[in-house]
Amino acid sequence: MKYFFLTTIIFASLLTKAQKDLTQYVNPFTGTQDMGHTFPGATVPFGMVQLSPDTDTVLFYENEKYNKDVYRYCAGYQYKDPTIVGFSHTHFNGTGHSDLGDFLIMPFTGKPNLNPGTADEPDKGYRSRFNHKKENAEPGYYCVYLEDPQVKAELTATTRVGIHQYTYDARKERKIILDLFHGIYNYEGKVIWSSIEVVNDTLVVGYRQTQGWARDRKVFFAMTFSESISDYRLVNKEPEKYNGFWRKFDGVETMPEISGKKLKAWFSFRAALKPVHADPDMIRNGRNPLPQVLPPLKIKVALSAVSKEGAIKNLQKETPHWNFEKYRSNAKEAWNQELSKIEIEADEDVLRNFYTGMYHAFMHPIEYQDVDGKYRGLDQNIYEAKEFTNYTIFSLWDTFRALHPLLTILQPDRTSDMVNSMLAHQKQSPHGMLPIWSHYSNDNWCMTGYHATSVIADAIAKGIEGINIERAVEAMKSTLYYPSYDQNMYYKIDGYMPHDKSPNAASKTLEICYNDWTAYVTAQKTDNEKLTRGLRDRADNYKNIFDPTTKFMRSKMHDKSWHEPFDPLSTHGQGYIEGNAYTYSLFVPHDIAGLAHLMVNSENMANRLDTLFTMELPAESYAHSEDIEANGIIGNYIHGNEPGHHIAYMYNYVGKPWETQKIVRKINKEMYKATPDGLCGNDDCGQMSAWYIFSAMGFYPVTPGTDQYVLGSPNIKSGKINLDNGKAFEIEVKKQSPENIYVQKVYLNGKHWPKLFITHSMITEGGKITFEMGKKPNKKRGIMPSDRPYSLSNEH
């Protein structure tokens, strides 16, 4: 399906001859239907402003209970919805919980109505109907025709500024609504306080402070218009209990400032009609020239986490003019620059999946500082970032697996900045902890484990510059040994997390054990031998919850008895978060050989993997998990959620790489499509997309914290990674076809390569890997244990 708007302008002519327009392969609507939780709006790579339509106003609570329907609106937009409420400036890409949706703007005509209405009764509010035939999105640009006000809405963005362009019918007065109460995962009381101030006839500033997923989040804005305000009203929709002396002023609603919890405003603008190609003789003779149009109303909205003054500085620095098409072309150029970091040749569907995946992978984390380097820290104090750029939105439980490893290759400087942002977070934390899941100067503490340690260890293992290793190890230690978070003291005492003391105990044990290992390999680079030994011991804690009878990792009670009753298929109540015993029993990424030993031998592990991918998972087993759906499942393997993303590559560790090749190609083919319903689960800040990018190229980071990438089966014809150091790593795939899914031979820089992995330095030093493909598996590859990837048990 194609998504074109008839008036879309093609910018290919603006690209240099040497640069291919890779944005043509990106479909921003991918994942906007159902579970993907992506948004189609305008943003630039890693931009703070992510300006996009919101299609409903579903509240987080309904009758004082969690409203399950809100889950569909984590990104604000659902493809099947018939109406658009407006365009807000902040969004998450692909998350399974949500926040944001700040500073919604909606054009309208006629009498002001500050109620958004409902999808069933849109005429009762300011929302509008729309049709996908008159909706278009491309990287850095979004356009839609709003049927009710008869307005063409166009959006583009810079890093900190959203740019709107609204073209109204010539017979209509141009008006907009600004809604500071609107938000994603909204509820009564979420807005703690907000403010709007009309500074002059073209500038409005304000802020809002919210309490949601982030407990105390402040965002400031500066909004300027291309034309003068002719009239406005500032309204607090919450009745005010204190009638202050400011009511001495006449016309309270036309006062230039207002504060409260439910602020909304409307603004109107007048402009002279401009004749188009009018005949001067017709004008002199008093005849009406045809046609007449109103110039588009343009709006620039700058964001800051620091102050209104910071927002104004961002506005002035990033958007000094009113040329909307120039901003749009700049955004497109920025996307092409990032997308061209990997150039591939492939079939059309692979091209679209690959570059749409890269687009989603480069949305988060976001730059989180003003143009002068100031940012709001975790302690809500204002800091100035020195020698690094500050970032936020770290969905670490998801992104440590593939997204951040991908960034070590494609974005080494940003990776350094992100690590230093995490270290700054730890220094500002009252607990002295690295981020768990952080956004907008807050840790929302979502999910399990301490996966900032993985991201930091991975960056250090791969030689990312600008990271103080001693400082990093101390931050890891402070986090992993903090006793009063999530019952961590029991993990230290028992060597596992007890089920009767902490929910999701088995998952936590396995994840913290892996985190301990990441700290261990990093501490090895320091002189702290005592800490290194202690972390090495803790890296074996996965063995403490392995049940030799069932051969599963299981939740254990504080008294060392097993949690009963045990159901290895269920994702509910068994001690596993968003997974089951089959999935989590295979989560020992740092010691897969040691795990195989627990299962007696490699053949038993291979059999377990075979069973996982071929058995049936009954729907009732995952009925309690809103993050798992049938279209993301192969057998009992759940690709629609992250805990098992490494599992397809585990056959390499037991000497059966051809099985990895077969299942990876199956996942690539069945689980990814560049369509609105094309993602089989939440994109989770780019993790789902990063899995595809790696796997399409033929390798994957099974164990972040090592410098290794485990080989799979590429589905591209050829590729080239253009590195920041000026070098390139080429990928050649011989005899590529849908049938030739098995790797026959691998060559590295022209020489036979028998190992089942490559290293980070092999990529960054430049060179070439060649895959020779065939229809039948080569069962001689991977026989030698020395050719297999890293495992802690094999460490010498």
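Helix axes are taken here as lines fitted to C-alpha atoms over the stretch in contact, and the angle between two of them runs from 0 to 180 degrees between N-to-C directions. In the predicted model, helix α3, which spans residues 324–339, packs against helix α4, residues 348–361, at an angle of about 110°, and the two axes lie 10 Å apart. Because angles of 65 to 115 degrees count as roughly perpendicular, α3 and α4 are therefore assigned to that class of arrangement. On the α3 side the contact is made by W335, E338 and L339, which meet Y355, M358 and Y359 of α4. Five of the residues in this contact are nonpolar and one is charged, while no polar residue takes part.

The search for enclosed space rests on a simple principle, namely that a probe the size of a water molecule, rolled over the atoms, shows where empty space is left. In this model, six cavities of 30 Å³ or more were counted, and the largest cavity holds about 140 Å³ of space. Its lining comprises 19 residues, and those nearest the centre of the largest cavity are N390, Y391, T392, H425 and S441.

Three elements, β24 (374–376), β26 (391–392) and α7 (412–428), each contribute at least two residues to the lining of the largest cavity, and the largest share, four residues, is supplied by α7. In chemical character the lining of the largest cavity is mixed, with ten polar residues set beside eight nonpolar residues and one charged residue.

Notes
Residues are numbered from 1 along each chain as its sequence is written. This is a predicted model: local features need pLDDT of at least 70, side-chain atom pairs count only at pLDDT 80 or more; totals for chains, interfaces and linings use all residues. Side-chain values use heavy atoms; hydrogens and water are left out. Angles under 35 degrees count as roughly parallel, over 145 as roughly antiparallel, 65 to 115 as roughly perpendicular and the rest as oblique. Contact means heavy atoms within 4.5 Å. Ala, Val, Leu, Ile, Met, Phe, Trp, Tyr, Cys and Pro count as nonpolar, Asp, Glu, Lys and Arg as charged, and the others, Gly among them, as polar. On a 1 Å grid over the protein atoms alone, a cavity is a set of points where a 1.4 Å probe fits but cannot get out, and a pocket is an open set with protein on both sides within 12 Å along at least five of seven lines; lining residues have an atom within 4 Å of a point. Grid points are joined across faces, edges and corners, and a volume is the space filled by probe spheres set on the points.
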